[in-house]
Amino acid sequence: MASLAPSAPLDKPLYGATFAQAVKRFLAKYATFSGRASRSEYWWSVLFVVAAMIVIWVPGTVIGLATGTPGVNPSTGRSTVDPGPGFIPFAILGTLFYLAIIVPSIAITIRRLHDAGFSGLLYLLVLIPSVGGLALLVFTLLESKPDGARFDAPVAPPVAGS
């Protein structure tokens, strides 16, 4: 049995998070762009999203091709198979899942950038074809930095008379 990383408040990064902890926090902090996310939180969440997409798209593609109609591409002369009606439910499910995880995926990437000591605005690098995504990948791989704490929520001072 794997040992669980000690829990941390949702407004703090959880270093050494397990897969289950990371996915739970990923979904719990659905649209939280402030704060930080540890490398383990980020990469376990990425693995969850990739695995879920594979689980949806691989069977969808196989069933779609099995129910498809064979043909020939007129420009290349190669045989092709257009996906059949069996692909449609998987395409709908995959699209809905993708739409559901866009916001939390952007949010956790921005929190990961914060933990590495960078501004979340660096996420806009994805808009640069080819090199932007690669640069963002490198930033998400970097170690956590103590100066990333500046992106945490400010601590409220104690209320007088409490």
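## Helix packing and selected residues

Lys12 counts as partly exposed because its relative accessibility is 28%, where buried means under 20% relative accessible area, exposed means over 50% and partly exposed lies in between, with a 1.4 Å probe and protein chains only. The model is predicted, so that local features need a pLDDT of at least 70 and side-chain atom pairs count only at pLDDT 80 or more, whereas totals for chains, interfaces and linings use all residues. Residues are numbered from 1 along each chain as its sequence is written, and side-chain values use heavy atoms, with hydrogens and water left out.

Lys12 is located in the segment before α1, helices (H or I, at least four residues) and strands (E, at least two) being DSSP runs numbered from the N terminus. Leaving aside residues up to four places away in sequence, Lys12 touches Arg25, Lys29, Arg36 and Asp152, a contact meaning heavy atoms within 4.5 Å. Lys12 and Arg150 are 138 residues apart in sequence, yet their C-alpha atoms are 12 Å apart in space.

Helix α1 covers residues 19–28, and its buried residues are Gln21, Ala22, Val23, Arg25 and Phe26. The cover over these buried residues includes α2 (39–66) and α3 (88–115).

Helix α2 has 28 residues, which should span 40 Å at 1.5 Å a residue, and its end C-alpha atoms are indeed 40 Å apart; the expected span is 1.5 Å times one less than the number of residues. Buried in α2 are Ser40, Glu41, Tyr42, Ser45, Val49, Ala52, Met53, Ile56, Gly60 and Gly64, and the buried residues of this helix pack against α1, β2 (79–82), α3 and α4.

The axes of α1 and α2 lie 8 Å apart, at an angle of about 85°. That angle makes α1 roughly perpendicular to α2. Axes are lines fitted to C-alpha atoms, for helices over the stretch in contact, and angles run from 0 to 180 degrees between N-to-C directions; under 35 degrees counts as roughly parallel, over 145 as roughly antiparallel, 65 to 115 as roughly perpendicular and the rest as oblique. Phe19, Ala22, Val23, Arg25 and Phe26 of α1 meet Ser40, Glu41, Trp44, Ser45, Leu47, Phe48 and Val49 of α2. By class, this contact has eight nonpolar, two polar and two charged residues, where Ala, Val, Leu, Ile, Met, Phe, Trp, Tyr, Cys and Pro count as nonpolar, Asp, Glu, Lys and Arg as charged, and the others, Gly among them, as polar.

With helix α4 (residues 131–141), α2 packs at an angle of about 130°, the axes being 10 Å apart. This makes α2 oblique to α4. Arg39, Tyr42 and Trp43 of α2 make the contact with Leu137, Thr140 and Leu141 of α4, and its residues divide into four nonpolar, one polar and one charged.

Thr140, not counting residues up to four places away in sequence, touches Arg39, Tyr42, Trp43, Thr109 and Arg112. A polar atom of the Thr140 side chain lies 2.8 Å from the backbone oxygen of Leu137.

Ser130 has a phi near 70°, a positive value in a residue other than glycine.

| Residue | Place | Relative accessibility |
|---|---|---|
| Lys12 | segment before α1 | 28%, partly exposed |
| Ser130 | loop between α3 and α4 | 69%, exposed |
| Thr140 | helix α4 | 1%, buried |

How values were computed:
A polar contact is a pair of N or O atoms within 3.5 Å; within protein, one must be able to donate a hydrogen and the other to accept it, and residues adjacent in sequence count only if both atoms are side-chain atoms.
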